[in-house]
Amino acid sequence: MTTHLHSGAGATTNDKAGPSRRRVVDLEGVTKVYETGVGGFSALSDADLAIDAGEFVAIVGKSGSGKSTLLNMLTGIDRPTSGVVQVNGTVLDDLSENEVARWRGENVGLVFQFQQLMPTLTIIENVMMPMDFTKSVPMKDRRPRALDLLELVAIADQADKFPSALSGGQQQRAAIARSLANDPPLIAADEPTGNLDSHTADSVLGLLGDLTAAGKTVVMVTHERDIAARVDRVVTVADGRILGGDSLGAAGEGAKRPAAGAGESRE
Amino acid sequence: MRDLLLNKGRTLLVIAAIAVGVVAAGSILTAYSVITREADRNYLETNPPSAILYLESVDEDLVASVEARPEIAAAEARRQVTARLVKGPEDWTRLTLVVVRDFENIAVSRFYSEGGALSPQDDEILIERSSLTEVGTGVGEDITVAVSAGAPKALTVTGLVHDPSRIPAGLGGPVVGYITPGGLTSLGLEPTLDELQVVTVGDGSRTDNRRFAETLAADVESGGFEVLRVDVPVPVVHPAQDVMKTMLFLLQVFGVIALVTGGALVATLITAQLKQQSREIGVMKAVGARTGQIAGIYLGTVALLGVIALAIGIPLGILGGRGFVSFTFGLLNFDVESYRLDAWVIPLLVVAALGVPLLAVVYPVVKNSRLPVRQVITDHGITTSSVDGGSAGRLLGRTRWLSRTATFGIRNTFRTRSRTLLTVFAISLGGAAFMVALNTGVAWDRAVGAEFDARQYDLEIQLDRAYPAQKLERSLEDLPQVETAEAWNQYPAAMQLPGGGTGDVFALLTPPAGTEMIDYPLLEGRWFRPNEEKALVINQILDDPAPAVGTTVSVDINGTTSSWAIVGIVRQLGGGENGVAYASNLPLGVGTEGSANHIRVAGNGTPSLLSSVERSLAENGIGVVAIATAEAGRESLEEHLFIIVGLLMIMAILIAIVGGLGLIEAMSISVLERRRELGVMRAVGASTAKVLQVVTVEGVLIAVLSWVVALVLSVPATVLVETVTGNIFIQTPLVTSFSGIGAAIWLVVVVLLASVASAIPTLETTEIPVHQALAYE
């Protein structure tokens, strides 16, 4: 495999157990209130969350619990009503929409439930798209890099096909390759297996797990049962709050270690 | 109904699209209804003559005896004199003096008082109202009038008249004044009248009128009078009817285009609505709705919007039509008695306004109503069906040198092919109309240019009688301003018709052999051979009869009939409404050999040409009736041109507005439908500028495609419009011309419009937070 995946700028180590792990996500007192026809609706209340480089974190909770809102906060897709969101050393509140878009293109790889590949672009063009937007990869290197990424997710032979010609699992692999296009330190996935059969879902989770092994930080909203066995930490969200004591050990046998200061709601 | 209210913008656009078509169609139908009725009324109320006999003199006894005939409804003696309205030392305008014996009892060619007294004294004159601007003075003031035989004379303007039977001054007609026979005397002319105008009983055809006129002329001659010629006008046809016909034809063409463009726009909008509501359609079908019921809902919606558009469009259409009638009648110098619409107008409008949009949406409505439930209720935001842009999109989108942004935009353009095609079609109609307008303008411009290139003279001088040709040429040849002067003859003439009688009176001109004054292009045949005798070259306007090259015709010239061979037909724009014939020579007994009554002068560009020629002719005792300058002739032709091209441009702009609305709406729908997709782009790092770039590529591509289609459509449309307007005005198609500037202007306009139409909805969408865009369905 020739793909160059880095753990992110400033990462000190690839050793998850090491003491000098870099903080990638730091949410402090984040609240999100949506105005509705019947008044304010609090989707997220006073949430604190810290995630270190190389962690594989699952955010779980019932529908409407606020887990997607939480993910949107740390990807800059949505902005908090109050509180501070700092990701990979950048305080997102200080950035304009365009700055956030560019920052996101360089720092966050997004994976959606329904892949959201551009139907009029081929698979390899979809993977190259974030590179085109951020221009962080020289033009001549974009296609080889995209091919490497497709190789990484094992669909290089589908590179010149349009998304409609691929299965759901292959499309999700393509979406993961796209999320890695600019070699971001953080991969944020919103129910990436929600629309896949169990076998395919298993392979996608394996792929995301491999990314953490390569130093990426992966945060994933999921409904998968038994997810604890596949991740480092599970963050449970209920009624807009991050519940305490739901990290690490609760993951059971597959859980690897606790993450410092994470998984608590400030109450 | 709630859907309509929820999508207010789209609903308003559908209504606007239909309403614009209704306004256009309503204007046209209103104009057609009112113009045809009122123009006929205006002209017929003047009691136009069925025939005019030209004699040396028409006395009251002759009029009385003719009037007493049972076939005659009315008869009157008249005279028309070409004079000058003198404005300054070397400043004058051609003035037609209409001489009327009894202003209190006008029986034929009536005119009406518009203010002031209708019965002028011998030193007074009435002015036709459309000439007032040219005359420059008002009622109660004096004007100076001169005829070649007499000294200038001041006449007091004592009133204005409205004479609907004349081509108004604004349309190239002369200034017209009305005087008594006594007025002629005060101007130094004999107080005789030479026209016997008669109106026959009943509605005879032109052939009937001709036959009767011949009989009448024979009877008059048997009474001891000499009938010099007979003129039988086309019944119930105003001299400026060609202008009206052209305008109405153009209106009809553009009205149909406006309705079709509106229909295409409605189809685009409704197709988008169907796509957006596909899930609702699926749910309705899932709970038991049948295809017919769903189609009924959408067709009913279009019908409802059509009714609303009708309610808005009909009054505006009628108002527009009235405005157009008012504009046209202003030009034609007509009055409108009533704007009442014919009974067929509103029903036809309703059928057209409801029928066209309904027809346009039937296919997409039925097609979408038939989609299987499973297909329409499964939607995950970004469609995953085969949307690679089709073969066109693939072909264009795989070009290596294009950036991916451009590739993306190109493929997106062909994603919804039917909508793209409809949008392209709607805008291209506007573009084609615009190009046709400019092309036709260029064709007319070239026709006028060619005409004046062929007229290699600057002055055309009509003399009061024949003078020795050598004297005429000598009187001008030494003038420094004159390059060449040729002595010609000009006579009124008419061809004998195969069935008896004579055709229209036309001008027969005799240029000297080897003339340098005219070089009209031949449509058929040839010019004269050296020393050729009794040969005629006619222009294409001479069509009563329309002799073919190679045939021989009998021509009445000054009461003498002789045979002539038609050897050629030339293209000539001006030269009189009935046409012109050029004769190789004149038979003995017609003109006096070596004499001429007409001079054509080519100057060397010195501004004082006209005044020096006038002065020199006067000094040599040569009486001038009228001088027509090439410049004034050109201005008159260009006035006609302005009306045609201006009208075309107004209609083209209206249609372009509908097409532009279509582009704006198509881009707005495209952006709305792909809000989530654009959200994803922003989520993976696209800035607003990048998103804008992708959407703008789509808009600009649609614009360029529409421009190409418009360019293609404009070719046959240009040929059609140039042929029809040419045939109506100059009895021959215009030489097909295209305007590169027109095509370039339209490309710039449509690309700018596309850029704006892309930018507005895109910027609105990028203001929506990414998480909301991602959640959009």
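This report walks through a sheet, a chain contact and two backbone angles in a predicted model.

Residues are numbered from 1 along each chain as its sequence is written, and chains are lettered from A in the order in which they are written. Local features need pLDDT of at least 70 and side-chain atom pairs count only at pLDDT 80 or more, while totals for chains, interfaces and linings use all residues.

Let's start with the sheet. In chain A, four strands make an open sheet in the order β2-β1-β4-β5, with antiparallel pairing. Its edge strands are β2 (39–52) and β5 (90–91) of chain A, each pairing on one side only. Helices (H or I, at least four residues) and strands (E, at least two) are DSSP runs, numbered from the N terminus, and two strands pair if DSSP finds at least two bridges between them. Strand β1 (residues 23–36) of chain A is joined to β4 (residues 82–87) of chain A by five bridges; Thr31(A) has Ser82(A) in β4(A) as its bridge partner.

Next, the partner chain. In all, 27 residues of chain A are in contact (C-beta atoms, placed from the backbone, within 7 Å) with 30 residues of chain B. On the side of chain A that touches chain B, α3(A) gives the largest share, seven residues.

Finally, two residues other than glycine have positive phi values. Both are partly exposed, a class between buried (20 or more other C-beta atoms within 10 Å) and exposed (12 or fewer), with C-beta atoms placed from the backbone.

| Residue | Phi | Place |
|---|---|---|
| Asp46(A) | near 45° | strand β2 of chain A |
| Lys135(A) | about 55° | loop between α3 and α4 (139–152) of chain A |

Definitions and conventions
Two residues are in contact if their C-beta atoms, placed from the backbone, lie within 7 Å.
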